[in-house]
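Q: Please take a close look at the internal cavities of this model. I would also like one residue placed in its surroundings before you start.

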Amino acid sequence: MLPLLGASLLHQPALIWMSLGGLYVSMADTGGAYRTRATAMGCASLLGALALGAGIGLASWPWLCVPAMFAVGLGCGLLSLYGNAGALIGLVTAWCFLIGINVAGPDPAKALDWSLLYLAGGAWATLLAVAVWPLQPYGPVRDAIAEALEATAHWFRLACPADGGLRPPEERLFAEKLRVRRALAEAQETLAATRSGRLGESPADAAFLQLIETTDGLFVTGAALGDRLAAIPAGAAATVECRLQQLNGRCLAALLQLERALRGRGGQPALGQLAVESQGIAQTLEDQPPSAAAAALRHAQACQAHWIATLAQACAALPLVVRTRGAPPPHRPTRQLRAAIAQGWVTLRANLTLESSVFRHGLRFGIASAVAVTVYTLFSLPIGYWITLTVSVILRPSAGESLSRINQRLLGTVLGGILAIVLATLFPHPLTIVLLLVPLTLVMMALLPVNYGLFVFFLTPWIVLYKDIVQPGDWGLALWRIANTLIGAALALAALHLVLPRWEGETLPSRLAASLRANAGFAAAVFAACQEGAPSSPGPMSAPGTVRLAIANAQSSIQCYLSERSAHQPMALPLMAFLLHSQRLIDALVLQSSCRGRTGGSAAPIDVRPLRDWILFSLAALATALERHERPQPLPDPPGELATRELPLAFLPVPLQPFLDAIEGLRSAVAAWSERNPAAVAPD
């Protein structure tokens, strides 16, 4: 906004290029670690300036701009290979080139000046984002871990209710679990980005890593605790159960206090009384006569004690991270830069094939952008580059996301255009327009990560008023923006259906099968640990990253599939059931892992191989049916009840019902998919 104010007061219209650089580079701010943000915004500044200058240089040859736009669109579309940051950098780079080839009265002599102004605006935005505010290198890490702690606390409140509260439905618990997993993944990525390029380790690095790991441990142990509390028979030892629930409430308060302390809003939680109460409950249970209810209570108390011990480990790391300001001096990143470039080239080369969805997206983006340039050049449409801008923001690698963007873009543009006409008519003075742009910018940028349709609603009057600084009162721009947006949406829709279309239904079965095979791998590891004897560390095992990644990929694919066509909506319930039962199977495995160990003395652990073999065979059969587009065959009967002899707390009999319910639910979901999938055939 400051460059716009200077353009108005100093009568220097060229400063709007600096403002444009600030806006576009701010859109490329991906958040997270300072290094990540600075790298993304720096690339957007440099590539945008180069694209703007190249576009201005080509503007005198309109028909040469068509193949150039195709090349730029293809290249910028391929930047989606490098995550959200790459996609945003590619988008703003394409916009800069597009604006450059549409400059009125192009003057190659001014191309360098305007590109430098854009670069200065991008540098100004980057400076504001990562340097002017008090620089705390670990600030983003601290915030990300605090978000993970807050999400874990909210989930713990639901899964382990206090004072006699009831657990919510499994569907809600599953949604909250996904939220916790996303928060933990974000914290891990932010810490990794912050640590990259630094020489050696530091106490703060180790403390932050310990906080993330203990937060994950609190989540996993809380899952086991919630399941154990739910398994306690009604009316059994009500006094002890009430004490367990009350202690859950105090544990939740301590966890929230830890989150506030990490943000610098209070002191550390006092955990001494929690441990004393947990020990008191354990002593009370020792006097209980042997029974199934007493065994369930002992399991719940053991999980609760482990949860408190894990929280104590998190608190031990807190003093090293709350007041951290500095960081180890960075070393020369030459070797790291070479490695990153080499890895980037390997990724690009591996995706230069029509089998790659991103390469297809790049071709689709390039062809549609070139056609859009051809249309507005051929018909001499005013502000025609808005057609190409519409194409660029609508087209995404996922067809479902692209279709969703079409509706949001059209509705936001039409309503925003009406607002733009009103504002341009009521406020024709350039200085007043600049003052109006300030609140519009604040609201627009705040809504960008929240809702694209609302972002477009405020973006439309922003662009119209931005152009009005040079041509005040020209509200006709709003009408042309609406018209060109409609044309661009039609071109994007045509490209989506005609240029190398690939629908999510083609890849969804393989994603579902991959998640089943990842679950099978985790099951094999859990049962292997159960047979080995005493665990090396107390508490339940955590699902490995490969399992979480496979489920996240399956969830993303399901969302894209459901958003592609309204005809897919009947599959919403079976596919959501697939995710739900996958998580239930993981929960049952986590619960089983908390029982691993030996029974003490010479007693051997229960033989869980029949259950293991049945689970692995069932998951493999369902995954194969999905991969071959076959209807799943009936699964073999599950093994009979395992031994029920009295065993010490270290290893109790395996509860079969959670495994039975999860496997049967997965089979029903796979069968429902195969029945609606025309490619599915009956197996030989």
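**A buried serine and two cavities**

A: Ser-515 sits in helix 21, which covers residues 508–532. The model is a predicted one. Is Ser-515 buried or exposed? Ser-515 counts as buried because its relative accessibility is 1%, and the cut-off for buried is under 20%. Leaving aside residues up to four places away in sequence, Ser-515 touches Ala-550, Ile-551, Ala-554 and Phe-578.

Now the cavities. A search of the whole structure finds 2 of them at 30 Å³ or more. The largest has a volume of about 50 Å³. Its lining has 10 residues, and the closest to the centre are Ala-625, Leu-626, His-629, Glu-630 and Trp-673. Helix 24 (609–627) and helix 25 (657–676) each supply at least two lining residues. Helix 25 gives the most, with 3 residues. By class, the lining of the largest cavity has 6 nonpolar, 3 polar and 1 charged residues.

Next, the second largest cavity. It holds about 30 Å³ of space. Met-69, Ala-94, Trp-95, Leu-98, Phe-365, Ser-369, Thr-388, Leu-389 and Ser-392 form its lining. Three helices each supply at least two of these lining residues: helix 5 (83–100), helix 15 (357–378) and helix 16 (385–394). The class split for the second largest cavity is 6 nonpolar and 3 polar, with no charged residues.

How values were computed:
Residues are numbered from 1 along each chain as its sequence is written. This is a predicted model: local features need pLDDT of at least 70, side-chain atom pairs count only at pLDDT 80 or more; totals for chains, interfaces and linings use all residues. Side-chain values use heavy atoms; hydrogens and water are left out. Helices (H or I, at least four residues) and strands (E, at least two) are DSSP runs, numbered from the N terminus. Buried means under 20% relative accessible area, exposed over 50%, partly exposed in between (1.4 Å probe, protein chains only). Contact means heavy atoms within 4.5 Å. On a 1 Å grid over the protein atoms alone, a cavity is a set of points where a 1.4 Å probe fits but cannot get out, and a pocket is an open set with protein on both sides within 12 Å along at least five of seven lines; lining residues have an atom within 4 Å of a point. Grid points are joined across faces, edges and corners, and a volume is the space filled by probe spheres set on the points. Ala, Val, Leu, Ile, Met, Phe, Trp, Tyr, Cys and Pro count as nonpolar, Asp, Glu, Lys and Arg as charged, and the others, Gly among them, as polar.
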